[in-house]
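Please work through the exercises below with the sequence and the model in view. Each task is followed by a solution in steps.

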Amino acid sequence: MATDTQVLVVGAGPVGLFMAAELNRHGVSCRIVDKNDGPTHDSRAASIQARTLEILESVSLADEFVQAGNICHAAATYTSDHKLIKYLTFDELDSAFPFVLQLPQSQTERIVARYLARLGTEVERRVELVAFEQDEDGVRATLRPADGGQETIHVSYLIACDGAHSPVRHALGVSFSGDDYPTDFMMADVQVDWKLPRDQLAFFFAAEGMFAFFPLPRDALPSLPILAQPKDIIRRSGSQPSRTSRGYSISGRRVAC
Ligand SMILES: Cc1cc2nc3c(=O)[nH]c(=O)nc-3n(C[C@H](O)[C@H](O)[C@H](O)COP(=O)(O)OP(=O)(O)OC[C@H]3O[C@@H](n4cnc5c(N)ncnc54)[C@H](O)[C@@H]3O)c2cc1C
């Protein structure tokens, strides 16, 4: 049984990766495991705010993020017949990063995982936490690699960064306060040709609901087949693409409040 690791971080999403990096930076030995074989495929949390960039700057990572992402200087809201309701610029934010950066979460995870590797810790992929138990000295955790077998380790702390549906939280019987908004959201990464500027977020309000457009960096999407669904949604929102939309990675979700 391994005994020289102080902390086990469960989950290599953005939270777990940054947690493991901070532990490393402060001289705390840790392992980080994730049951998946790599970063998420989805763009998910694609808007990075000024304050997050300031924190990334404190560990010299902001440049890498800004280089990889697409800078948005403003957000505009429109009616479905394309009349501007409100234009909000971020230029006057009191920050070294007076903008919102657009970067798919998959790339965020890659950048932070590389940084973590530079600090000396690799993410152990396809390794699942299957059980844990607290004793007087810490936590005994059972890990199951995808290629079979089982490993038990003893650590001083286990940090659960295992996402919204956290198995660790469930095992501990800790509740998740809040509720779902009574609305379904659909998210899709699509390529759209239109005349709107690439450095602004755009929101369209139509009778059927709201459509929000977050321009990702140009190289974030490979060349993909046209999907009927996002095309139809874009058309119904009144946001007038001049040609086609191409896309992948459609996912539905509920948002908790
Ligand atoms: C479809 C979708 C769209 C989203 N869109 C947005 C958005 O537009 N804006 C926004 O701000 N946020 C968005 N989010 C939310 C955002 O993705 C999350 O807030 C973010 O991923 C949370 O990061 P995390 O590191 O806490 O958890 P996660 O990214 O969920 O990472 C948890 C990790 O834990 C691993 N794991 C779980 N259980 C185990 C186990 N037993 N053993 C080992 N590993 C385990 C998982 O494999 C996963 O990699 C979206 C989420 C989804 C699903």
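**Exercise 1. Compare the expected span of helix α1 with the distance between its end C-alpha atoms.**

Solution. The model is a predicted one, in which local features need pLDDT of at least 70, side-chain atom pairs count only at pLDDT 80 or more, and totals for chains, interfaces and linings use all residues. Residues are numbered from 1 along each chain as its sequence is written.

Step 1. Helices (H or I, at least four residues) and strands (E, at least two) are DSSP runs, numbered from the N terminus. Helix α1 covers residues 14-25.

Step 2. The expected span of a helix is 1.5 Å times one less than its number of residues. For the 12 residues of α1 this gives 16 Å.

Step 3. The end C-alpha atoms of α1 are 16 Å apart, which agrees with the expected span.

Step 4. After the helix comes Gly-27, with a positive phi near 75°.

**Exercise 2. State which residues of α1 are buried and what they pack against.**

Solution. Step 1. A residue is buried if 20 or more other C-beta atoms lie within 10 Å of its own, exposed if 12 or fewer, and partly exposed in between; C-beta atoms are placed from the backbone.

Step 2. By this rule, Gly-16, Leu-17, Phe-18, Met-19, Ala-20, Ala-21 and Leu-23 are buried in α1.

Step 3. Two residues are in contact if their C-beta atoms, placed from the backbone, lie within 7 Å. The buried residues of α1 pack against β1 (7-10), β2, α4 (105-118) and β12 (157-160).

**Exercise 3. Repeat the analysis for α4.**

Solution. Step 1. The 14 residues of α4 should span 20 Å at 1.5 Å a residue, and the end C-alpha atoms are 20 Å apart, which agrees.

Step 2. The buried residues of α4 are Gln-107, Thr-108, Glu-109, Ile-111, Val-112, Ala-113, Tyr-115 and Leu-116. Their cover includes α1 and α3 (62-68).

Step 3. Gly-120 follows α4 and has a positive phi, near 115°.

**Exercise 4. Which residues of the largest nonpolar core touch the most other members?**

Solution. Step 1. A nonpolar core is a set of buried Ala, Val, Leu, Ile, Met, Phe, Trp, Tyr and Cys residues joined through C-beta atoms within 7 Å.

Step 2. The largest such core has 41 residues, and those touching the most other members are Leu-8, Val-9, Val-10, Leu-17, Ala-20, Val-112 and Leu-116. Helix α1 gives the largest share of this core, six residues.

Step 3. Leaving aside residues up to four places away in sequence, Val-112 touches Pro-14, Leu-17, Phe-18 and Ala-21.

Step 4. In soluble globular proteins, nonpolar side chains tend to be buried together.

**Exercise 5. Describe the shell around the ligand and explain why the ligand lies between two domains.**

Solution. Step 1. A residue is near a molecule or strand if its C-beta atom, placed from the backbone, lies within 6 Å of it. The ligand is surrounded by 25 residues, the closest being Gly-11, Gly-13, Val-15, Ala-45 and Gly-163.

Step 2. At least two residues of the shell come from each of α1, β2 (30-34), β9 (127-134) and β16 (245-256). The largest share, three residues, is from α1.

Step 3. Ala, Val, Leu, Ile, Met, Phe, Trp, Tyr, Cys and Pro count as nonpolar, Asp, Glu, Lys and Arg as charged, and the others, Gly among them, as polar. The shell holds 11 nonpolar, seven polar and seven charged residues.

Step 4. Domain bounds come from an automatic or database domain assignment. Because domain 1 (7-42 + 106-172) and domain 2 (180-256) both give residues to the shell, the ligand lies between them.

**Exercise 6. Is Thr-121 partly exposed or buried, and which residues does Thr-121 touch?**

Solution. Step 1. Thr-121 is in the loop between α4 and β8.

Step 2. Thr-121 counts as partly exposed because 19 C-beta neighbours lie inside 10 Å.

Step 3. Apart from residues up to four places away in sequence, Thr-121 touches Ala-20, Asn-24, Cys-30, Ile-32 and Leu-116. The C-alpha atoms of Thr-121 and Ala-20 are separated by 8.1 Å, although the two residues are 101 residues apart along the chain.
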